[in-house]
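Grab a pencil and have a go at these exercises. Try each task before you read its solution.

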Amino acid sequence: MIQIYCGDGKGKTTAAIGLAVRAAGRGNPVVIAQFLKSADSGERLILGKLSGVTLLEIPDEMKFVFAMNEEEKRAERERQTALFEKAAALSELNGAGVLVLDELCSAVSTGMVPLELVTAFLDRRPAELEVVITGRDPAAELERRADYITEMKKHRHPFDQGQAARKGIEW
């Protein structure tokens, strides 16, 4: 099935990673690709140690798309698209049970990964592959293909009061 965790609230990546850990614990091979993120995130430290989890490489540092110049956007578009293609290929070749595409909604909405590439993959994916997509504002084409859509809604968040993201909690 296809699952989407979306919304403006905290917990999208947390839910997807929890599902990936559950699947790996049951012996299902898992492939995880994280888009528009840097490698300095706590979940990556433990996921890289889990048997049965393939965690695709991402850069140590990552700018927000709005802060990139046109040349940086072009290079990042190529890198993000290649990351998606690698994740899709690995999930098909290795017989993955779960493919997590963390922040793919945002990668699509910012033009870093072509929507048509994603929908073509979703339409031909292996029947036994569970695909988990996270991020804000999923495209309607992704929502139409989803079997589950869970929206994380923010009611309150310390960031709104000036509290910075905390290591080990938010990243």
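**Exercise 1. A side chain reaching for a backbone**

Which backbone nitrogen lies 3.4 Å from a polar atom of the side chain of Gln80?

*Solution.* Keep in mind that you're working with a predicted model.
- Step 1: find Gln80, which sits in helix α3.
- Step 2: look around its side chain. The nitrogen you want is the backbone nitrogen of Leu36, 3.4 Å from a polar atom of that side chain.
- Step 3: check for a side-chain partner too. Gln80 and Glu76 are joined through their side chains by a polar contact of 2.6 Å.

**Exercise 2. The surroundings of Gln80**

Decide whether Gln80 is buried or exposed, then list what it touches beyond its neighbours within four places in sequence.

*Solution.*
- Step 1: get the relative accessible area of Gln80, which is 0%.
- Step 2: compare it with the cut-off. Buried means under 20%, so Gln80 is buried.
- Step 3: collect the contacts. With the neighbours within four places set aside, Gln80 is in contact with Phe35, Leu36, Met62, Ala107, Met112 and Val113.

**Exercise 3. Helix α3 from end to end**

Work out what span helix α3 should have, and see how the model compares.

*Solution.*
- Step 1: note that α3 covers residues 70-93, which is 24 residues.
- Step 2: use 1.5 Å times one less than the number of residues. For α3 that gives 34 Å.
- Step 3: compare with the model. The end C-alpha atoms of α3 are 34 Å apart, in agreement with the expected span.
- Step 4: look at what happens around the ends. Asn69 caps the N-terminal end of α3, with a side-chain oxygen 3.0 Å from the backbone nitrogen of Glu71. Just after the helix, Gly95 has a positive phi of about 65°.
- Step 5: see what α3 leans on. Its buried residues, including Phe84 and Leu90, pack against β2 (30-34), β3 (53-55), β4 (98-102), α4 (104-109) and α5 (115-124).

**Exercise 4. The two faces of α1**

Find out how the buried residues of α1 are arranged around its axis, and what sits on the face turned away from them.

*Solution.*
- Step 1: list the buried residues of α1. They are Lys12, Thr13, Ala16, Ile17, Leu19, Ala20, Ala23 and Ala24.
- Step 2: look down the axis of α1. These buried residues fall within an arc of 155°, so they line one face of the helix.
- Step 3: turn to the face pointing away. Thr14, Arg22 and Gly25 are the exposed residues there.
- Step 4: find the cover over the buried residues of α1. It includes β1 (2-6), β2, α2 (42-47), β3, β4 and β5 (130-134).
- Step 5: pick out an in-between case. Ala15 is also in α1, and at 24% relative accessibility it counts as partly exposed. Setting aside neighbours within four places in sequence, Ala15 is in contact with Tyr5 and Met152.

**Exercise 5. Helix α5 and its link to α3**

Which residues of α5 are buried, and which residues does Leu117 touch beyond four places in sequence?

*Solution.*
- Step 1: pick out the buried residues of α5, namely Leu115, Val118, Thr119, Phe121 and Leu122. They cover an arc of only 160° around the axis, which puts them on the same side of α5.
- Step 2: check the other side of α5, where Glu116 and Asp123 are exposed.
- Step 3: place Leu117, which is in helix α5. At 25% relative accessibility, Leu117 counts as partly exposed.
- Step 4: list its contacts. Not counting residues up to four places away, Leu117 touches Thr81, Phe84 and Glu85.
- Step 5: compare sequence with space. Leu117 and Thr81 are 36 residues apart in sequence, yet their C-alpha atoms are 8.6 Å apart.

**Exercise 6. Zooming out**

How many helices and strands does the chain have, and how compact is it?

*Solution.*
- Step 1: count the elements. There are six helices and six strands.
- Step 2: compare the radius of gyration with the globule rule. The chain has 15 Å, close to the 16 Å given for 171 residues, so it is as compact as a globular protein of that length.
- Step 3: add the burial. Buried residues make up 45% of the 171 residues.
- Step 4: check the contacts with a separation of 6 or more. Residues 24 or more positions apart account for 72% of these.

Technical notes
Residues numbered from 1 in each chain as written. Predicted model: local features only at pLDDT ≥ 70, side-chain atom pairs only at ≥ 80, totals over all residues. Heavy atoms only, no water. Helix = DSSP H or I, 4+ residues; strand = E, 2+ residues; numbered from the N terminus. Buried < 20%, exposed > 50% of the residue type's maximum accessible area, 1.4 Å probe, protein only. Contact = heavy atoms within 4.5 Å. Polar contact = N/O pair within 3.5 Å; in protein donor to acceptor, adjacent residues only side chain to side chain. Rg over C-alpha atoms; globule rule 2.2 N^0.38 Å. Arc of directions from axis to C-beta.
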